[in-house]
There are 2 protein chains.
Amino acid sequence: MNISVIEKLQEKFGDHFHTEPTFREQYCQAPTGITLSPPDGVVIVRNEQDIVDIVTFCSVEGLPMIPSGARTSIEGQINAPQGGICIDCSEMNAITDISIEDMTATIQPGVTREQLNEALRGTGLFFSVDPGANASIGGMAATRASGTNSVRYGTMATNVRAARLVMVDGSIANIGSRAVKSAMGLDLLSLAVGSEGTLGIFSELTVKLHPLPEVILSGVCAFDSVENAVRAVTDTLKSALPIARIELLNVSAVRACNAYSKLGLSEKPHLFVELHVNSLSMPGNIALFEEHVHRYGGEVQLSSHPEEREALWVARHDAWWAFHAFYEGCQGIPTDICVPLSCLSACISATETDIANTGLKAPLIGHVGDGNFHLLLMLREGEEETPVIQGFLSRLAERALSYGGTISGEHGVGQGKIKWMPVQHGAALHLMKAIKSALDPHNIMNPAKMY
Amino acid sequence: MNISVIEKLQEKFGDHFHTEPTFREQYCQAPTGITLSPPDGVVIVRNEQDIVDIVTFCSVEGLPMIPSGARTSIEGQINAPQGGICIDCSEMNAITDISIEDMTATIQPGVTREQLNEALRGTGLFFSVDPGANASIGGMAATRASGTNSVRYGTMATNVRAARLVMVDGSIANIGSRAVKSAMGLDLLSLAVGSEGTLGIFSELTVKLHPLPEVILSGVCAFDSVENAVRAVTDTLKSALPIARIELLNVSAVRACNAYSKLGLSEKPHLFVELHVNSLSMPGNIALFEEHVHRYGGEVQLSSHPEEREALWVARHDAWWAFHAFYEGCQGIPTDICVPLSCLSACISATETDIANTGLKAPLIGHVGDGNFHLLLMLREGEEETPVIQGFLSRLAERALSYGGTISGEHGVGQGKIKWMPVQHGAALHLMKAIKSALDPHNIMNPAKMY
């Protein structure tokens, strides 16, 4: 960035524009194996007009622009390999409307999911999507985030009802509507959700809220094999039980979580579950769920005590730290494949065999109701991706595709999964590129991501 | 179409290519007020290669191509105002896979929803989207159809998991995947669903299935006002009751349905409802639903008898015929606005006042759980749209937008709603057009529709 550009930005954005190296360095992140590249500058936007101004400026100057929220993405989505301006939306964190009747909230993109749920206290409603981190909702929409309770309440793909999207020329597109559904033209909203800032930048979102359940039951189920655990999951889903979370931990993951969170679980594959019921339907639902678990030799204990539930999900969310603590001196590479439920057990089994054969350390946790599971491949600190690891990652990706699945269930493409895009999409990738070129002809909206 | 083109098509498709006027005339349909325009020829495709062949041929010759299924769309989606070839997919009606574990079916585009549900007997699963007509599922995907039970099971926007889409150059894009979710690039599937054949032609679809409920309760609820009926709907949705259908009929609609289907209902606004429960949760759910209805002075009787349920929903599906019978010698113009639930009662009330003021005859039925309602504006046979009717339709559309809603909830744009696209979408329409141009640069895929 030359001096005149910097001066113009200083004039326009004053002390909301930053070029200090220590400041800029906070705005880059990338998975292991990808170079950290800070942006040339950071603009902290405070309102929609600020976004329009910086987008227009970047367009005129031909500068890359990279939107950022809570900076919790994990595939390098906000890394700046071509430099440019990071547009930090985290201070656009106003909740502008909560409609109880419509069960929606309209928010600025920097509002985090915890902040929104805090604001919803007492309304009987909650925002459901929970990727673990306290991500910004704008960022969650941009990466099509999901998480533990998507099995019941859907991903960001189904929880954004409308948005305002700042396009590369600074114009604003109103996409979606406050109505529940529409058949009035192309679904631009679904196109924007998951586009990782490559087509436009959200300046406002209207998200769906869900009724808080009267009773929340949670518990753990131990099984003798992953296969039996997955069978119980399948039967549970087929019987339309109101299961809100159903998470698998394999034996390695259980060991690490036992050590870190003092869970005292038997060293077997486990499901962590949550059911959302009402007091009248509770006994019937418990009986039916227990039946599914017992059918496959599992044991289950459900509880409606908030403290027990809290401890369980804190442990689940802490799994990442538990794995790092267990494999001391290591850092983890997360994987994220998602396959049809009918293939999940075979896919996990083949993957566990592969882990054993290659001698890798890679505990497994999964949103198994969605067929999505993560490994954390533990590397010694400073260790590069070895050919063994690269081979394993390639086989994992190819396995996902061979089962009709996808290489990313929820982490997105960013920089980390670019090389898999042609493999997964074939001819469909040309369509994505054609759309990208049509909406951002000079490729300055989060360039070098996704494609 | 010149002679040489016709000869080439005859050579390529033999007796699956038709130019007889009486045959072609079956392939045009448009709402009142739009000229019926048959295509120049019809090709009946039998497999994906046929679609590829005719699409490639049309591309080379620069001929418009219009896909068709069961021909039940109602906004002129398969009318051929620029001539060209209608691609009839109705004979591509094979069900290629049913996966119980994944709860999906993979089908050719001409499979109808009744055919699929027939094939699913005994599996414990069903295909949920029900627009009334026995539409083809390819057509339902193309128009983003929904219907009575979308309030619980979603619209076509959320019930297609993957598809094969033949693009204008004859290439095939595999979009979506068999996995429940993906964060691997742009959501081309959602873009294709609802694109009305303007971006590509479905040659295969994988759709979601849902577990059949153990018990289906159905019944009617009478209220003193539409406002109270809508309040009961809102409370029902907020309490997360497993309501699968919740349909409003205003007084005019009740009168017509009473006369046609011998329902014997009191002449008040009614909700027709259906709850999907299990035997253990049934008593609790009935009690809670009754509480919501009684709170607003309504009366309700629920039954689990299949015959009573059947009679009720046949009457609901027959409403179109009931209205035509009641207003003898008239033909109806259907409307389709959808507004946020919080505005529904005000919107219906303003619309009923407008109907009364203009002296129009227009019974109202609605998928009120979605905020979507239809009027059937009754015109004397042969009568053109008068300025009074045009004025009413304009006010209705503007009312939908003023409440933050959409001018079409489920019928789509076709030719009938083109003029409202700029009004509803503003700058976002440019994005749609840019995408259309990028994927179909010569505008030969269902031209003169949507834009």
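User: In what order do the 4 strands of the open sheet in chain A come?
Analyst: This is a predicted model. In chain A the 4 strands run β1-β2-β4-β3 across an open sheet, and the pairing is mixed.

User: Which are the edge strands there?
Analyst: β1 (17-18) and β3 (65-68) of chain A, each of which pairs on one side only.

User: In what sense do β3(A) and β4 pair, parallel or antiparallel?
Analyst: Parallel: β3(A) and β4 (residues 85-88) of chain A are joined over 4 bridges. Within that pairing A:Met65 has A:Ile85 in β4(A) as its bridge partner.

User: Which helix lies across β2, β3 and β4 of chain A?
Analyst: Helix α3 (residues 48-61) of chain A, running at about 170 degrees to β4(A).

User: What does UniProt place at residues 35-212 of chain A?
Analyst: The unreviewed UniProt entry puts the feature "domain: FAD-binding PCMH-type" on that stretch. Over residues 35-212 of chain A, helix makes up 23% and strand 25%, with the end C-alpha atoms 43 Å apart.

User: Now the sheet of 7 strands in chain A. What is the order?
Analyst: It is β15-β12-β14-β13-β17-β18-β16, an open sheet with antiparallel pairing. β15 (299-303) and β16 (330-334) of chain A have a single partner strand each, so one side of each has no neighbour in the sheet. On average, neighbouring strands of this sheet are turned by 20 degrees against each other, direction ignored.

User: How many bridges link β16(A) and β18?
Analyst: The antiparallel pairing of β16(A) with β18 (residues 372-380) of chain A has 5 bridges. A:Ile333 stands opposite A:Leu377 in β18(A).

User: What packs on this sheet?
Analyst: Helix α10 (residues 251-261) of chain A does, touching β13 (243-249), β14 (270-277) and β17 (364-367) of chain A, and its direction makes about 95 degrees with that of β13(A). Helix α11 (residues 282-295) of chain A also packs on the sheet, in contact with β12 (215-222), β13, β14 and β15 of chain A. The direction of α11 makes about 160 degrees with that of β15(A).

User: Back to β16(A) for a second. How many of its residues are buried?
Analyst: 4 of the 5 residues of β16(A) are buried, and the strand is mostly covered.

User: Switching to chain B. What should the 14 residues of α11 span?
Analyst: At 1.5 Å a residue, helix α11 (residues 282-295) of chain B should span 20 Å, and its end C-alpha atoms are 20 Å apart, which agrees.

User: Which residues in α11(B) are buried?
Analyst: B:Gly284, B:Asn285, B:Phe289, B:His292 and B:Val293 are buried in α11(B). They cover an arc of only 165 degrees around the axis, so they sit on the same side of α11(B). An α-helix has 3.6 residues a turn, so residues three or four places apart point the same way.

User: What covers the buried residues of α11(B)?
Analyst: The cover includes β12 (215-222), α9 (226-238), β13 (243-249), β14 (270-277) and β15 (299-303) of chain B. Just after α11(B), B:Gly297 takes a positive phi of about 75 degrees.

User: What about β8(B) and β9(B): how many residues lie between them in the hairpin?
Analyst: There are 5 residues between them, and B:Gly170 in the turn has a positive phi of about 90 degrees. Strands β8 (residues 160-166) and β9 (residues 172-176) of chain B pair in the antiparallel sense over 5 bridges. B:Arg164 stands opposite B:Asn174 in β9(B).

User: Back to chain A. What is phi for A:Met103?
Analyst: A:Met103 is not a glycine, yet its phi is positive, about 55 degrees. Most residues other than glycine have a negative phi. A:Met103 sits in the loop between β5 (95-99) and β6 (104-107) of chain A.

User: Why does A:Met103 count as buried or exposed?
Analyst: A:Met103 counts as buried because its relative accessibility is 14%, and buried means under 20%.

User: And A:Ala240, what is its phi?
Analyst: Phi of A:Ala240 is near 60 degrees, again positive in a residue other than glycine. A:Ala240 is in the loop between α9 (226-238) and β13 of chain A, and at a relative accessible area of 48% it is partly exposed.

User: Last one. Where is A:Glu214, and what does it touch?
Analyst: A:Glu214 lies in the loop between β11 (210-211) and β12 of chain A. Not counting residues up to four places away in sequence, A:Glu214 touches A:Val277, A:Asn278 and A:Ser279. A:Glu214 is exposed, with a relative accessible area of 54%.

Terms used: Residues numbered from 1 in each chain as written. Chains lettered and ligands numbered in written order. Predicted model: local features only at pLDDT ≥ 70, side-chain atom pairs only at ≥ 80, totals over all residues. Heavy atoms only, no water. UniProt positions renumbered as here; feature names shortened; annotations may be inferred. Helix = DSSP H or I, 4+ residues; strand = E, 2+ residues; numbered from the N terminus. Pairing = 2+ DSSP bridges. Axes fitted to C-alpha atoms, helices over the stretch in contact; angles between N-to-C directions. Contact = heavy atoms within 4.5 Å. Expected span 1.5 Å × (residues − 1). Buried < 20%, exposed > 50% of the residue type's maximum accessible area, 1.4 Å probe, protein only. Arc of directions from axis to C-beta.
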